[in-house]
Structure formats: structure tokens, C-alpha cells
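Me: Please take a close look at the inside of this chain for me, and then set it beside a few places at the surface. I am new to this, so please explain each term when it first comes up.

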Amino acid sequence: MICHNSPDSSETLMEVVVTIHSVAEAHKYATNCDDLAIIGAFASTSASFALAIIVDAIGPTYRPIGTMMAVDTDCVTTGSLSSGCIEADVVRHAQLALQSGQPQHLRYGAGSPWLDLMLPCGGAVDIVVIPRPEVAAFAEVTYLLSQRQQATITFPISDEHAFSLTLLPPIKSLIFGTGAEATHAAHSARDAGMQCQIFSPDRGIVEACEQSEI
């Protein structure tokens, strides 16, 4: 697994660019970096685990491309790839990947060989299960994103193929003003899941927002 900082961090929308290097295509999807932090925390406590990543999606799906789930040798998991439809089977394939040391390539939904595992949303997802990914890259990517820098994490999945996630920092709302409008705007930004920073000549507003963890 390779992690590196990308020089262009001018955009603020949190996105992921997904690239299968054997195919000359790159796709951008709005996403959330919470999975990365959760998986990183899980990785620090589990000596051996497999990482399952959604690498493609067709039609409506419960989770977007780039979503991750980790599975350790005791079948303990963190993260989810659906609403519960496929997780048990992904755990089974994760154990096979850990035993063989080889990535597993899975398709669920339309076009899947497992007709008994249907996705209620009607779409299809392609998942790669990577055994024992390099742990240090998770911490580095999480750190770069916390510093509002773009970062890329790459997972080799065979001698000829690699899978990359390029993540941009999440949206950050900068609010300037005073009075109820500034306070309400700060609370709305926080409730929308944005990072938020308020600038106001009224110290009371700043302190109230800090107490509300804004």
C-alpha cells in the first residue's frame, strides 16, 4: 500500500478518485473520509485483517465507491458495504483471502454468480478484498486530510493491477459575522457534517460556538 500527498489541494469538496490502473479511467464520487479513520483505528488494534473496498457500482447502491470494511481473523468487522445484505458473505471471502494471501474479487447484485444474495436497491457492486494491507498508510492519509491536504492511497491487488483512492479534505465552512445569523449558520454547517470555523467581533458568539463543539 502506498500513500502520498498530491500537490493540488485547491478544491475543498470531499471527493474520492477511484482508479483501477489497468483501465485508463478515473471516476469522482462525493464521499466521506470517516471510513478511513475507523479502519485506521481498527488496523492499529488488529495484527491481521483483510480490507474489503467497493471499487465499482452500477445503478442504485446503499454505499458509494470507495466504501471500506475491515475483517480480522476472528471475523470481527468494522464498517459496512451494504444495509446488511452481503456483509456475512464478504466476511467469508475475507477469511479465504487471509488464508490464501490472495485478493478476492466479488460481484453482488446484477450479474453476480450468487443469485441468493440480492441487493434490494436493485443495483450491483464490485468489491475487492485485500488481505493484510499495509497499516501505516492509513495513519498518513488521515493525517494529511486533517491538515486539509489531498492524499492518495494505493492498494496493489495483483502483479498487474492496483486500486487507488484519492481523497480531498471535507468541506469547511468559514463564517464571518455577528448576531443570531452567524450562530444559526454555524450550527447548520455543523449539523450538515461540515467542518466549521466562526470569525466574529462578538467574543460571546465565538465562545458559545466553541462550547457547542463548532
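Reply: What follows starts with the whole chain, goes on to its interior, and ends at the surface.

This is a predicted model, in which local features need pLDDT of at least 70 and side-chain atom pairs count only at pLDDT 80 or more, while totals for chains, interfaces and linings use all residues. Residues are numbered from 1 along each chain as its sequence is written, and side-chain values use heavy atoms, with hydrogens and water left out.

The protein chain has 5 helices and 12 strands (DSSP runs numbered from the N terminus, a helix being H or I over at least four residues and a strand being E over at least two). Of its 214 residues, 45% count as buried, where buried means under 20% relative accessible area, exposed means over 50%, and partly exposed lies in between, with a 1.4 Å probe and protein chains only. Among contacts (heavy atoms within 4.5 Å) that join residues at least 6 apart in sequence, 54% are between residues at least 24 apart.

The interior can be described through its nonpolar cores, each being a set of buried Ala, Val, Leu, Ile, Met, Phe, Trp, Tyr and Cys residues joined through side-chain atoms within 4.5 Å. The largest core has 23 residues, and those touching the most other members are Phe 49, Leu 51, Ile 53, Met 68, Phe 138, Ile 153 and Phe 155. At least two residues of this core come from each of α1 (34–45), β4, β5, β8 (124–131), α3 (136–146), β9 (151–156) and β10 (162–167). The biggest contribution is that of α3, which gives 5 residues. Separate from this is a second core of 20 residues, which includes Ala 52, Ala 97, Tyr 108 and Val 125. As a general background, nonpolar side chains in soluble globular proteins tend to be buried together.

Leu 106 lets us look at one buried position in detail, and its place is in strand β7, residues 104–109. With a relative accessible area of 3%, Leu 106 counts as buried. Leaving out residues up to four places away in sequence, Leu 106 touches Val 90, His 93, Trp 114, Val 125, Asp 126, Ile 127 and Val 129. Leu 106 and Ala 52 are 54 residues apart in sequence, yet their C-alpha atoms are 9.6 Å apart in space.

Polar residues can be followed inside the chain as well. Ser 82 sits in the loop between β6 (77–78) and α2 (87–100), and its relative accessible area of 6% makes it buried. A polar atom of the Ser 82 side chain is 3.0 Å from the backbone nitrogen of Cys 85, a polar contact (a pair of N or O atoms within 3.5 Å, of which one must be able to donate a hydrogen and the other to accept it within protein, residues adjacent in sequence counting only if both atoms are side-chain atoms). Ser 82 also touches Tyr 62, Arg 63 and Glu 87, not counting residues up to four places away in sequence. Of these, Arg 63 belongs to the loop between β4 (49–58) and β5 (68–72), and Arg 63 is buried at 18% relative accessible area. A polar atom of the Arg 63 side chain lies 2.7 Å from the backbone oxygen of Ser 80.

We now turn towards the outside. A salt bridge is a side-chain nitrogen of Lys or Arg within 4 Å of a carboxyl oxygen of Asp or Glu, and by this rule the count comes to 5. One of them joins Arg 92 to Asp 89, with the closest N and O atoms 3.0 Å apart; these two residues are separated by about one helical turn, because they are 3 residues apart in helix α2. Asp 89 is buried at 12% relative accessible area, whereas Arg 92 counts as partly exposed at 42% relative accessibility.

Finally, Leu 174, Phe 176 and Phe 199 make a nonpolar surface patch of about 320 Å². Phe 176 is found in strand β11, residues 172–176, and counts as exposed because its relative accessibility is 62%.

Conventions. Patches are made of residues with over 30% relative accessible area and no salt bridge: like charges are joined within 9 Å, nonpolar side chains (Val, Leu, Ile, Met, Phe, Trp, Tyr) within 5 Å. Accessible areas come from the Shrake-Rupley method with a 1.4 Å probe; for residues, only the protein chains shown count as cover.
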